[in-house]
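Here's a casual tour of one model, written for someone who likes to know the cut-offs. Load it up and follow along.

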Amino acid sequence: MPRTLLAVHAHPDDESSKGAGTFARYAGEGVRTVVVTCTGGEAGEILNPAMDQPGNLERIPELRRQELAKALEILNVSAHHWLGYRDSGMPETELDAHPDSFAKADLDEAVGRLVRIIRAERPQVILTYDESGGYPHPDHIRTHEISVPAFDAAGDPDRFPDAGPPFQPLKLYYHASYTRRRLQAIHAGAAARGIESPFGKWREEWSPEDAPETVVTTQVDVGRWLAQRRDALIAHATQIDPDGSSFAVPDEVMAEVYPWEDYTLVRSLVPTGDHETDLFAGIGPEGLPIVG
């Protein structure tokens with residue numbers, strides 16, 4: 001059974017802004033990598049001035065699908081699945097009220113759709129978002145709400161019996177992409193090299209009471225895969241301005257000051273240590289738990 005890593009994301013471009021370096025690294029090491037995208041990103045706006053051309057906003061679902069396909073190719077993703085819901089947009093908007101929006105979806109039905117994919121792909125490791133969604137978008141929160149129960153339901157023969165033979169994943173992680181420690185390290189590294197930091201305003205406004213620090217249990221070194229991460233993000237041309245602040249710090253500086261992507265281990269059916277450097281720690285090359 002191949003080692004398989006599966007990430008559940010809310011919209012096209014999330015796979016490139018969260019954990020892209022990790023996916024590129026593991027794909028390069030022969031791990032089967034799978035992305036599930038819950039919505040089509042229909043509520044997206046044109047955020048890159050170069051793409052703000054007549055007709056593009058009306059074609060946003062088509063364009064975002066094309067962009068996602070390109071990003072997945074850059075990251076060498078083995079398989080991709082659409083969960084089949086519409087982008088909910090932000091609360092109290094027209095799309096949020098759409099009956100097919102992800103936020104309005106029946107929770108049990110959505111869990112069942114994800115369980116079917118998990119049973120088909122048989123991942124030992126699943127990545128998703130924490131309770132806050134990473135930021136308070138309804139689709140990100142809903143992604144969390146279906147991923148956590150699907151982790152257990154996939155292995156339960158009494159749940160969703162028509163969704164394929166049961167399969168139990170071994171580890172569940174949350175992305176910890178925007179910790180204070182990471183942003184502070186990048187800010188300091190940029191400042192020391194005379195580069196304008198994209199996080200200066202954040203440092204001034206950050207409050208430990210409003211945003212307590214995330215617990216990081218696992219750090220994956222992606223320093224050698226930062227170019228793929230950058231190219232995958234830029235592939236989402238309607239959403240990402242290549243001249244924007246996200247790219248103010250060069251990859252070579254990032255590789256020196258913070259070459260890791262961070263995660264929080266929230267469920268594990270295999271023994272783990274206090275600090276991991278591998279999402280597959282405790283899992284052997286054949287995808288089975290390491291015994292003894």
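## Helix 6: A190 and H187

Let's start with A190, which sits in helix 6; helices (H or I, at least four residues) and strands (E, at least two) are DSSP runs, numbered from the N terminus. This is a predicted model, in which local features need pLDDT of at least 70, side-chain atom pairs count only at pLDDT 80 or more, and totals for chains, interfaces and linings use all residues. Residues are numbered from 1 along each chain as its sequence is written, and side-chain values use heavy atoms, with hydrogens and water left out.

A190 has 0% relative accessibility, so it counts as buried. The scale runs like this: buried means under 20% relative accessible area, exposed over 50%, and partly exposed in between (1.4 Å probe, protein chains only). Setting aside neighbours within four places in sequence, A190 is in contact with I195, S197 and V249, where contact means heavy atoms within 4.5 Å. From A190 to S245 the C-alpha to C-alpha distance is 12 Å, with their positions 55 residues apart in sequence.

H187 also belongs to helix 6. H187 comes in at 14% relative accessibility, so it counts as buried. Not counting residues up to four places away in sequence, H187 touches S197, F199, G200 and R203.

## Nonpolar cores

In soluble globular proteins, nonpolar side chains tend to be buried together. For this report, a nonpolar core is a set of buried Ala, Val, Leu, Ile, Met, Phe, Trp, Tyr and Cys residues joined through side-chain atoms within 4.5 Å. The largest such core has 38 residues, and the ones touching the most other members are L5, V125, L127, L279 and F280. Elements that each supply at least two residues of this core include strand 1 (4-9), helix 3 (60-74), strand 4 (125-128), helix 8 (226-234) and strand 7 (260-268). Helix 2 contributes the most, with 4 residues.

What does V125 contact, leaving aside neighbours within four places in sequence? The list is T4, L5, L6, K171, Y173, L279, F280 and I283. Apart from the largest core there is another one, of 25 residues, with L114, I117, I146 and A163 among them.

## Helix 2 and an aromatic pair

Of the 9 residues in helix 2, 8 are buried, so this helix is largely enclosed by the rest of the structure. The buried ones are A20, G21, T22, F23, A24, R25, Y26 and A27. After helix 2 comes G30, with a positive phi near 90°.

A pair of aromatic rings is described by the distance of the centres and the angle of the planes. Here, rings of Phe, Tyr and Trp (its six-membered ring) pair if their centres lie within 6.5 Å; planes under 30 degrees apart count as stacked, over 60 as edge-to-face and the rest as tilted. Searching the whole structure turns up 4 aromatic pairs. In one of them, the ring centres of Y26 and F280 are 5.4 Å apart and the planes lie at 65°, so the pair is edge-to-face. This pair links distant parts of the chain, since Y26 is in helix 2 and F280 is in the segment after strand 7, 254 residues apart. Y26 and F280 are both buried.

## The cavity

Rolling a probe the size of a water molecule over the atoms shows where empty space is left. On a 1 Å grid over the protein atoms alone, a cavity is a set of points where a 1.4 Å probe fits but cannot get out, and lining residues have an atom within 4 Å of a point. Grid points are joined across faces, edges and corners, and a volume is the space filled by probe spheres set on the points.

By this rule there is 1 cavity of 30 Å³ or more, and the largest cavity has a volume of about 40 Å³. Its lining consists of A7, H9, E15, K18, G19, F23, V35, L75, L127 and H175.

## Loops and positive phi

Most residues other than glycine have a negative phi. R122 is not a glycine, yet its phi is positive, about 60°. R122 is in the loop between helix 4 (107-121) and strand 4, and is partly exposed, with a relative accessible area of 34%. F160, also not a glycine, has a positive phi of about 50°. F160 lies in the loop between helix 5 (138-153) and strand 5 (171-175) and is buried, with a relative accessible area of 18%.

Key. 1 Å grid on protein atoms, 1.4 Å probe; cavity = no way out; pocket = protein on both sides within 12 Å on 5 of 7 lines; lining within 4 Å.
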